[in-house]
Amino acid sequence: MDEGVGEECGVMGIFGGTEVARRVLMGLYSLQHRGQESVGVAVTDGAEIHHLRRMGLVTELTREEKLVDSLKGSAGIGHVRYSTTGRSNINNAQPMLVSTKRGPLAIAHNGNIVNAPEIRQEMEELGHIFQSTSDTEVILHLIARSKKEDLFDAISESLAKLTGAYCLVFLSKDAVYVARDGYGFRPLCLGKMDDTWVVASETCALDLLSAKYERDIKPGEICRIDASGLTSRELPAKKRKAHCVFEFIYFARPDSRIFEESCDKIRRKIGKQLAKEHPAEADVVIAVPDSSNTAAIGYAQEAGIRFDIGLLRNHYVGRTFIDPSQNVREQKVKLKFNPIAGVLKGKRVVLVDDSIVRGTTLKFLTKMLRDAGADKVHIRISSPPVMNPCYYGMDFPSKEELIAGTMTQEETRKLLGADTLEYLSIKGLLSVVPRGGGSYCAACFDGKYPEEIPAGSTKFRCE
């Protein structure tokens with residue numbers, strides 16, 4: 001019952017060069033914000049694929065240097081996971097590795113396959129046995145039972161049967177395959193350093209490896225990268241693009257380039273648009289760190305109000321002792337955030353946050369600011385109200401658990417204890433993203449899903 005929106009996953013792929021396993025893990029460090037539940041890497045030596053998976057952060061693998069160094073080869077893939085479907089356990093950790101009639105195959109996935117429950121049920125009735133509860137394993141079963149001799153053809157045929165969001169990296173004994181769904185829900189980029197190809201969820205991973213950004217993997221594109229270079233083909237086109245607009249608001253690192261645009265640039269524009277729509281008489285603008293920092297800077301610049309650090313975030317909380325005699329949620333907030341009284345005392349404060357899901361964190365943060373001496377607290381949200389669940393890879397609660405789905409804006413303001421509460425409008429949000437609103441999915445705000453959602457589809461984490 002935590003407040004935040006759960007991240008999705010991050011994927012990496014490298015073909016060529018030396019110390020592949022180490023470089024994959026280096027790239028995953030940059031993608032750690034996209035998933036903290038498990039980490040894995042798989043490497044091919046040209047004959048076999050060897051892989052390691054651990055629960056927890058990338059450091060769980062990097063501290064095992066001898067094991068990592070034992071993964072010798074010229075190509076590899078990696079994954080950091082935050083489950084949107086499937087329980088949080090090692091069986092669901094990725095990359096997943098299987099043996100097929102075409103040889104070993106490993107897979108890493110970011111997204112959510114909307115029709116996976118339907119496909120899985122059909123397969124189980126035919127006698128298929130599943131080792132995990134992840135939708136990713138469904139993709140492997142489709143490929144394994146394909147009658148196509150060529151793996152590239154088998155992957156293409158299998159992906160054509162899926163609906164939903166996916167950014168996929170596959171590893172065979174001699175190639176890396178990359179695929180992105182036709183709507184382009186999630187970001188996926190291609191880079192190069194000398195003769196080495198690099199694929200990653202975000203460009204920040206390319207930066208860490210000193211790889212040059214080449215381009216995005218196009219929506220609906222499937223690529224094979226092997227000793228001959230890169231070969232590309234496309235799935236049947238979708239009627240439109242549907243990039244997840246929440247990537248700009250929250251998910252992506254601000255130093256990344258996603259959907260062919262700087263995330264930092266767009267996030268600042270979002271903050272400026274929020275200030276235009278909802279100014280406030282205030283002395284200082286602060287952010288709920290860290291995802292709201294850039295939008296808060298944009299708000300302050302547009303409003304002409306000083307930006308300052310009013311809340312300090314503890315990045316080293318991890319698993320913590322909770323005193324059962326006190327409010328558990330309030331303890332978690334206090335462990336994670338601490339106010340800076342010198343910035344807040346006697347001030348009219350604008351507090352910028354990226355979204356409100358359940359409202360629990362903001363409620364305690366508002367109280368924290370007042371206890372630190374803030375005279376007024378004006379909450380500004382750099383996204384529209386979250387009204388609907390996501391089926392495309394975000395760990396949103398059900399509609400009944402979303403505060404905007406059950407309470408009016410005024411009721412929410414009173415619950416949070418703020419003097420004022422305002423959200424960015426959907427129109428305002430879509431006016432500042434590249435290429436306009438027609439290229440984005442904003443279903444969590446407006447309920448307009450790009451495709452029909454089958455009954456029984458997984459909306460959020462399934463425990």
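**Entry 1: Val 245**

I started at Val 245 in this predicted model. Skipping its neighbours within four places in sequence, I found Val 245 in contact with Leu 429, Leu 430 and Val 433. Tyr 440, Cys 441, Ala 442 and Phe 445 are on its contact list as well.

**Entry 2: the core around it**

Next I looked up the largest nonpolar core, which has 49 residues. Val 245 is one of the members that touch the most others there, along with Phe 246, Phe 248 and Phe 445. I then asked which elements give two or more residues to this core. They are the helices α8 (246-251), α9 (263-277), α10, α16 (426-432) and α17 (443-446), plus the strands β17, β21 and β24 (440-441).

I also noted a second core, separate from that one, with 27 residues. Leu 105, Phe 130, Val 138 and Tyr 166 are among its members.

**Entry 3: the sheet**

Since β17 and β21 turned up in the core list, I went to their sheet. It is an open one with five strands, and I read the order as β18-β17-β21-β22-β23, with parallel pairing. At the edges I have β18 (306-307) and β23 (420-423), each pairing on one side only.

**Entry 4: strand β17**

I spent a while on β17, residues 284-287. On one side, two bridges pair β17 with β18 in the parallel sense. There I see Val 284 with Arg 306 as its bridge partner, and Val 285 opposite Phe 307. To get from β17 to β18 the chain goes through helix α10 (residues 293-303), and I logged this β-α-β crossover as right-handed. β17 also runs parallel to β21, joined by four bridges. In that pair, Ile 286 stands opposite Leu 351.

Which way do the β17 side chains point? Val 284 and Ile 286 go one way, Val 285 and Ala 287 go the other, and all of them are buried. That fits the usual rule: in a regular strand, side chains alternate between the two faces of the sheet.

**Entry 5: helices on the sheet**

Last, I checked what packs on these strands. Helix α13 (residues 360-371) lies across β17, β21 (348-353) and β22 (376-381), and I noted an angle of about 150 degrees to β22. Helix α15 (residues 409-416) packs on the sheet too, touching β22 and β23. The direction of α15 makes about 130 degrees with that of β23.

Notes:
Residues numbered from 1 in each chain as written. Predicted model: local features only at pLDDT ≥ 70, side-chain atom pairs only at ≥ 80, totals over all residues. Heavy atoms only, no water. Pairing = 2+ DSSP bridges. Contact = heavy atoms within 4.5 Å. Axes fitted to C-alpha atoms, helices over the stretch in contact; angles between N-to-C directions. Buried < 20%, exposed > 50% of the residue type's maximum accessible area, 1.4 Å probe, protein only. Right-handed = clockwise from strand over helix to strand, strands pointing away. Core = buried A, V, L, I, M, F, W, Y, C linked by side-chain atoms within 4.5 Å.
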